[in-house]
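Visitor: I would like a close look at one part of this model, namely chain A, with its partners brought in where they help to place it. Please take me through it in one connected account.

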Amino acid sequence: MRYTPHTASDKEQMLRTIGLSRIEQLFDHIPQSLRERAAISLASGLTEVKVKKRMAALAAKNATPEGWSFFLGGGIYHHAIPSTVDAVISRSEFSTSYTPYQPEVSQGTLQAMYEFQTLMCQLTGMEVSNAGLYDGASATAEAILMARRIQSESRRRVFVSRSLHPQYRAVVSTYLRNLEDTELVEIPFDRNGGTDAEFLAREVDEKAMCVVVGYPNFFGVIEELAPIQEACARSGALFVTVTTEPLSLALLKPPGAWGADIAVGEGQSLGVPMSLGGPGFGFFTCRKKFVRSLPGRLAGETVDHEGRRGFVLTLSTREQHIRREKATSNICTSQTLCALAATVFMATLGKSGMRRLAEVNVCRAHDAQGRLVKDAGLAPAFTGPFFNEFVLRSKGLARSQSRFAAEKIIPGIPLAPWYPELQDCLLVCVTEMNEGEEIERLVRTFSGD
Amino acid sequence: MEYPEGLKFTKEHEWVLVEDQVAIIGITEYAEQELGDVVYVELPEVGEKIVKDDPFGAVESVKAVSDIYAPVSGTVVEVNDTLPDSPETINDDPYGDGWLIKVEMTDKDDLKDLMSAEEYAEYVEQQKAEEDGEEESEDEE
Amino acid sequence: MSEHSPGTDLRRSAPPLIFESGSPGRSGFFWPEEKGEGGEKIPSELLRDDIPGFPELGELEVLRHFTRLSHLNYAIESQFYPLGSCTMKYNPKVNEVVARLPGFSSLHPLAPPELIQGALELLYELEEMLAEISGMAHVTLQPAAGAQGELTGLMVIRACLRERSNPRRKIIVPDTAHGTNPASSTLCGYEVVQISSSNRGMVEAAKVAEVMDEEVAALMLTNPNTLGIFEKNIQEIAEVVHKKGGLVYLDGANLNALMGIAKPGDMGVDVLHINLHKTFSTPHGGGGPGAGPVGVKSFLRDFLPVPRILKKDGSFVLREDFAKSVGRVRSFFGNFGILVRAYAYIISLGSDGLEEASRMALLNANYLRKKLEGAYQLAYPEPCMHECVFTDRLQQRHGVATLDIAKRLLDYGFHPPTIYFPLVVSGALMIEPTETENREILDAFADAMNSIAREAKEHPDLVKGAPYTTPVGRLDEARAARKPVLRWEPAKE
């Protein structure tokens, strides 16, 4: 049988050692009423050849950037991934190892985790980083839950910007629904496409627990963080930023430099394939003084009995396997392999490569946006600065669907399902993977030529 | 194992030294040894009120967290501020430099049901014997 | 001293950190400058300088670094991993190959549904297959891991009870449960009521009845439990819970013991989660990514997270308009790449293969139990399923503890079992061999364990000083926790 190495004689000898004669005796203590209904009714097993055929047939029904021109972002980005990344994460020593609870035989994973934590701190400008969470959305929810642990019970109002990713807002509201003392308040966005600072200045007071904004936000807009930080500092609310496109932080002033208390986000764009939006990883960074409230795993440096440097999982008493119902979170994975992919990605690109790639994104996105406005007559929906995504208004978006399909172009993400006030608006993303010829065709198709 | 005379003890292995209205509180040598290397201590702030038999803080080792229960009720007047930097003091000197907090007691009657050094020594021996006894009898299964 | 001095074994020593090697200006990435500096299009006050301390390495340097790190790891493909409750089975290569097909790995989640029909078909079928295997009516694939599955399942329970009357206040959790059970309960706004297992390592219906009242929302049970023992009374227990209007949650971490042997859906279970990185062979990756689908009985369908995938006129559509739904628990579609691997595993094995997998998992566990029961004390005499739990009681006589046994195993080339869990067993050694190991490796492991038991008697200090052959010795965890150093920083001038 597939993947079970037992021969008939193995089974016989093993049963004899145990003192049994039939396999069924191993579970005859289970109630008969359960056993008699337990048969699984699925197809028979397939050969490897047939498995590959079936999977290829399913894969062929999906549109990929090989056959289509994608201008899709919105939290998941199509970027160049150096071949070093898959080479490293395909190594079975990384992919088939367990959580490094036995540090003597897990130094590979642990040192890489420590390097990852350092890279994320450098990129975000923050003091500490954990080893990773599920995704950007749950990292946002965890940031709010951490703020709830830090702040007193008189502060239970959470301000979340409407320009934050709508799915992240949905996850946050799911996580908070059962914590009855905590209230969610939505901050509107202004004409720039950024968080409404006047609203904030007016509403954020001594009851505020934290203020959560996207950076860049869901519209691709690079938020003006100084007034938000001021509102937080004045009222004592914690300032939380959420970044879905961390490549931008190679170029932009990072959250730490703007005075963020907690900076989280989705790490997919750093070397992880899009894979229908998962797995990627959530990153979670904050001020050092909050480290005891941090959710998730942490690798720390120490020495062995001979004084050699080594790494261990540390501050574990925060976690569920020790503190149980009093743990900082219920999480017990850290998307380690995805975080490793990001570590290899950032190590390969390095200081200059990360900046260059970020600049190429800015360059192409701005070039495309300019052309779409000038040559295709589309109107920018917002005036704020952007990184590699922007929102355009296009009357008759629905009517042009078939034209785009014929050209095999997915021009962007329609925003109306999440923002009824943004009818006819499209979130367009341009990365280094969109060649000039693709952008030409996008402009042409919009123009109706 | 040491059981200094003049201290009062709880069943949760805290000790109390009374100086007038002020109670100095720490954890016993037995508690410290059971826990292993202390790596972190969570203590209340000066001015906070603590309530007899309720947890007022926690001591952590690498793989365990142990609540500390208040042997008396009162207001915290001093906290051992050397502990955050060197929690190992609790292992090195549990009855001396490893003290945790000083409390202004609200009711001295709180001390009545605490154990003397002699009684506590007996209590610890009893606990140890119970553990060993369990192991012995189960060994024979 | 240079790392390359004679006598330095590069295969067994850790490389410097990526921040400590390389040279300014180096990069493993080539992309020519494009017209106009990108930075000029963004106001300069929004831009940063170079990232201080960021690595500067060449491509080969990067690869050598991580390859050397990899040599310091144990992994399934090099060693046997008898980790209890973790199901470290072989992660088939074909799953890795198909998950990397661009038709899966290069999909964008916000592409129009008509352009990702193959992906939606796969997800839809995987939901149905997992429902069939577990005996549940409906499955959601959204949760990113087992713990998020638990949270989702509890949210479903809460939403259902709220609709009936009130969400109630408490969750009953046995003392043998995984730590995630109580942690998830708290996160869902519940208080935890812990109950103790019997001296036979099982939960008893009478014990549940004692604490079961109209304030209890659910009982969380693991079956087989973390002692590897089948909770025989589960149907009776479920009845006690249901009678008072509560629901039964099953932690499906140990589903690898049950395929074709008993279906949770028949046990009175209302909600369960499944760890795809355990039973369904997706790689652990050193701690994720995993996936934690949740299955429910039909009366709970409308409370499942959105989006749901429905089949309509032969094609697959996404729907979010379920008023009773708990909402969204993860962005997009969950850990799709992991779901692809689990799908490939299930169609590779089919019904027969899955049933055989569980049977052989039981055979291997019982075989090891027999081979070790002379030298180690079993925690409970009950028959075991896919894992068994021993204690260090016999070794403690010589001053040797479970941790020492675990570390000594490393010198024999084996990863230790799960240790000190479940918490109800003092000095627990929890062993789960899984079905993919052959008899020879089980024999070799048993020989190593028995040899360590002898060493514990004859040379206890040898065992207590282990390991001797690993890249680093026992690490000072107290030091790491007292003064946490959680990132590299450039040396101060």
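Guide: What follows goes from the overall build of chain A to its aromatic side chains and its backbone, and then to the neighbouring chains.

The model is a predicted one, and the values below are computed from it. Chain A has 449 residues, of which 67% count as buried. Its secondary structure comprises 14 helices and 15 strands, and its C-alpha atoms fill a box of roughly 80 × 55 × 50 Å along the principal axes. The accessible surface of chain A comes to about 14,500 Å², with 49% of that area belonging to carbon and sulfur atoms. Among the contacts in chain A with a separation of 6 or more, 72% are between residues 24 or more positions apart.

The domain assignment splits chain A into domain 1 (1-39), domain 2 (69-81 + 350-447) and domain 3 (83-344), so that domain 2 is written as two segments. The centres of domain 1 and domain 3 of chain A, taken over C-alpha atoms, are separated by 47 Å. For chain C, the division is into domain 1 (9-72), domain 2 (93-348) and domain 3 (352-479), and there the centres of domain 1 and domain 3 are separated by 42 Å.

Turning to the aromatic side chains, a search of the whole structure finds 29 aromatic pairs over all chains. One of them joins A:Phe386 and A:Phe390, whose ring centres are 5.3 Å apart and whose planes meet at 55 degrees, so the pair is classed as tilted. Both A:Phe386 and A:Phe390 are buried. A pair in chain C can be set beside it: the rings of C:Phe414 and C:Phe445 have their centres 5.4 Å apart and their planes at 80 degrees, and the pair is therefore edge-to-face. C:Phe414 lies in the loop between helix H11 (402-411) and strand E12 (418-419) of chain C, while C:Phe445 belongs to helix H12 (residues 439-458) of chain C, so this pair ties together parts that are 31 residues apart in sequence. C:Phe414 has a relative accessibility of 8% and so counts as buried, and C:Phe445 is buried too, with a relative accessible area of 0%.

Back in chain A, one aromatic cluster is formed by A:Phe189, A:Phe218, A:Phe219, A:Phe382, A:Trp418 and A:Tyr419. Aromatic rings also meet charged groups: the charged end of A:Lys253 sits over the ring of A:Trp258, 4.2 Å from the ring centre. An arginine takes such a place in chain C, where C:Arg158 lies over the face of C:Tyr190 at 4.8 Å from the ring centre.

The backbone of chain A has a cis peptide bond joining A:Gly278 and A:Pro279, with omega about 0 degrees. A:Pro279 is found in the loop between strand E7 (262-266) and strand E8 (282-286) of chain A. In chain C, the peptide bond from C:Ala466 to C:Pro467 is cis, with omega near 0 degrees, and C:Pro467 is placed in the loop between helix H13 (460-464) and helix H14 (477-482) of chain C. In chain B, the backbone detail to note is B:Asp20, which is not a glycine yet has a positive phi of about 55 degrees. B:Asp20 is placed in the loop between strand E2 (14-19) and strand E3 (22-27) of chain B, and with a relative accessibility of 67% it counts as exposed.

It remains to place chain A against its neighbours. On the side of chain C, 197 residues of chain C are in contact with 189 residues of chain A, and the two chains bury about 16,600 Å² between them, 63% of it on carbon and sulfur atoms. Within chain C, the residues that lose the most area to chain A are C:Arg48, C:Phe54 and C:Leu486, which together give 5% of what that side buries. The contact with chain B takes 6 residues from chain A and 10 residues from chain B, and the area buried there is about 570 Å², with carbon and sulfur atoms giving 45%. In chain A, A:Arg292, A:Thr317 and A:Arg323 lose the most area to chain B, and together they make up 69% of what that side buries.

Methods: Residues are numbered from 1 along each chain as its sequence is written. Chains are lettered from A and ligands numbered from 1 in the order in which they are written. This is a predicted model: local features need pLDDT of at least 70, side-chain atom pairs count only at pLDDT 80 or more; totals for chains, interfaces and linings use all residues. Side-chain values use heavy atoms; hydrogens and water are left out. Rings of Phe, Tyr and Trp (its six-membered ring) pair if their centres lie within 6.5 Å; planes under 30 degrees apart count as stacked, over 60 as edge-to-face and the rest as tilted. Buried means under 20% relative accessible area, exposed over 50%, partly exposed in between (1.4 Å probe, protein chains only). Helices (H or I, at least four residues) and strands (E, at least two) are DSSP runs, numbered from the N terminus. A charge sits over a ring if NZ of Lys or CZ of Arg is within 6 Å of the ring centre and within 35 degrees of the ring normal. Contact means heavy atoms within 4.5 Å. Accessible areas come from the Shrake-Rupley method with a 1.4 Å probe; for residues, only the protein chains shown count as cover. Buried area is the accessible area (1.4 Å probe) that two parts lose on being put together, summed over both.
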